[in-house]
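These are my notebook entries on one structure, written down in the order in which I looked things up.

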Amino acid sequence: YAIQPFVLYYMRDMLHVKDPSKDAGFVFMVILLGATISGVLGGKISDRTGRKPVVYMSSLIIGICSVMFIFLHSVGQVLVIGTLFGLGYGAYISVDWALGTDVLPRKEDAAKDMAIWHVSMTLPQQLAPFFAGIMLNSFVVQGSSPVQYVRGGYAVLFTFSAVCFVLGALLLRNVRGAK
């Protein structure tokens with residue numbers, strides 16, 4: 001959610017495509033297609049292996065793909081890595097929700113606990129673009145109109161995203177009551 005609002009600018013500034021809105025749309029399409037496939041498969045795999053291994057693996061995939069976006073130079077490369085990112089993302093989202101329901105302390109308080117968990121999940125999604133914009137805005141091509149961002153800004157943004165996913169996976173080790 002820190003990166004999503006800036007994909008259009010990434011396509012414009014880093015790949016120098018003629019129609020960044022069209023190409024950004026293709027990137028989101030392949031991410032969602034990958035996520036759809038892995039959402040179903042990730043859930044089935046987690047039923048057999050446990051939730052944590054799937055979340056660990058999908059977080060690793062998403063983190064690696066986030067860093068890889070820094071080094072890509074063509075729309076084709078972005079579509080391939082975007083597909084891999086989507087595969088990780090779909091498994092993460094589906095299994096993350098299953099893991100959340102597995103570790104609810106009391107079924108009688110499920111609605112309240114899920115509401116708290118949901119706020120703790122969506123509040124950062126709302127704040128992330130604001131802070132990401134501040135990060136990215138620190139790396140502007142001087143005198144550009146419209147504003148253009150340099151590779152260093154995207155490197156900070158994508159690395160920040162990767163660090164968040166890896167930290168999330170590491171913190172998952174502390175969750176008890178789930179395998």
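**Entry 1, the crossing of α4 and α5.** I began with the handedness of this helix pair in the predicted model, and I find that α4 and α5 cross in a right-handed sense. The contact draws on D96, W97, G100 and T101 from α4, and on M114, W117, H118 and M121 from α5. Sorting these contact residues by character, I get 4 nonpolar, 3 polar and 1 charged. I then looked up the geometry, since two packed helices are described by the angle between their axes and the distance between the axes. For α4, which covers residues 75-102, and α5, which covers residues 110-137, the axes come within 11 Å and cross at roughly 145 degrees.

**Entry 2, the overall fold.** I wanted the wider setting next, and I count 6 helices and 0 strands in the protein, which gives the pattern α-α-α-α-α-α when read along the sequence. The radius of gyration is 18 Å and the globule rule gives 16 Å for 179 residues, a close match, so I note the protein as being as compact as a globular protein of that length. Taken along the principal axes, the box filled by the C-alpha atoms is roughly 60 × 30 × 25 Å. Of the 179 residues, 41% are buried. I also checked how far along the chain the contacts reach: among those between residues at least 6 apart in sequence, 69% join residues at least 24 apart.

**Entry 3, helix α1 and what follows it.** How many of the residues of α1 are buried? I find that 6 of the 8 residues in this helix (residues 7-14) are buried, so α1 is largely enclosed by the rest of the structure. The buried ones are V7, Y10, M11, R12, D13 and M14, and I note that R12 and D13 are on this list. As for their surroundings, the buried residues of α1 pack against α2 (20-49), α4 and α6 (151-172).

I went on to H16, which sits in the loop between α1 and α2. H16 is not a glycine, yet its phi is positive, at about 55 degrees. With a relative accessibility of 60%, H16 counts as exposed.

**Entry 4, aromatic rings.** I then listed the ring pairs and arrived at 12 aromatic pairs. One of them is F85 with Y89, a stacked pair whose centres are 6.4 Å apart and whose planes differ by 15 degrees. I asked myself why these two are about one helical turn apart; the reason is that F85 and Y89 are 4 residues apart in helix α4. In general, an α-helix has 3.6 residues a turn, so residues three or four places apart point the same way. F85 has a relative accessibility of 15% and therefore counts as buried.

The pair of Y149 and Y154 has its ring centres 6.2 Å apart and its planes at 85 degrees, and because an angle over 60 degrees is classed as edge-to-face, I record the pair that way. Both tyrosines turn out to be buried, Y149 at 15% relative accessible area and Y154 at 1%. I noted last that ring pairs link F6, Y9, Y10, F69, F85, Y89, Y149, Y154 and F158 into a cluster.

**Entry 5, two single positions.** I looked up S58, which belongs to helix α3 (residues 51-68). Is S58 buried or exposed? Its relative accessible area is 2%, so I enter S58 as buried. Leaving aside residues up to four places away in sequence, S58 touches G88, A91 and Y92.

F160, in helix α6, is partly exposed, with a relative accessible area of 35%. Under the same exclusion of residues up to four places away in sequence, F160 touches A2 and M135. I also looked up F160 against G63: the two are 97 residues apart along the chain, and their C-alpha atoms are separated by 9.4 Å.

**Entry 6, a cis peptide bond.** My last check was on the backbone, where I find that S145 and P146 are joined by a cis peptide bond with omega at about 0 degrees. P146 is placed in the loop between α5 and α6.

Key. Residues numbered from 1 in each chain as written. Predicted model: local features only at pLDDT ≥ 70, side-chain atom pairs only at ≥ 80, totals over all residues. Heavy atoms only, no water. Axes fitted to C-alpha atoms, helices over the stretch in contact; angles between N-to-C directions. Left-handed = near helix turned anticlockwise from the far one by under 90°. Contact = heavy atoms within 4.5 Å. Nonpolar A, V, L, I, M, F, W, Y, C, P; charged D, E, K, R; others polar. Buried < 20%, exposed > 50% of the residue type's maximum accessible area, 1.4 Å probe, protein only. Phe/Tyr/Trp six-rings, centres within 6.5 Å; stacked < 30°, edge-to-face > 60°. Rg over C-alpha atoms; globule rule 2.2 N^0.38 Å.
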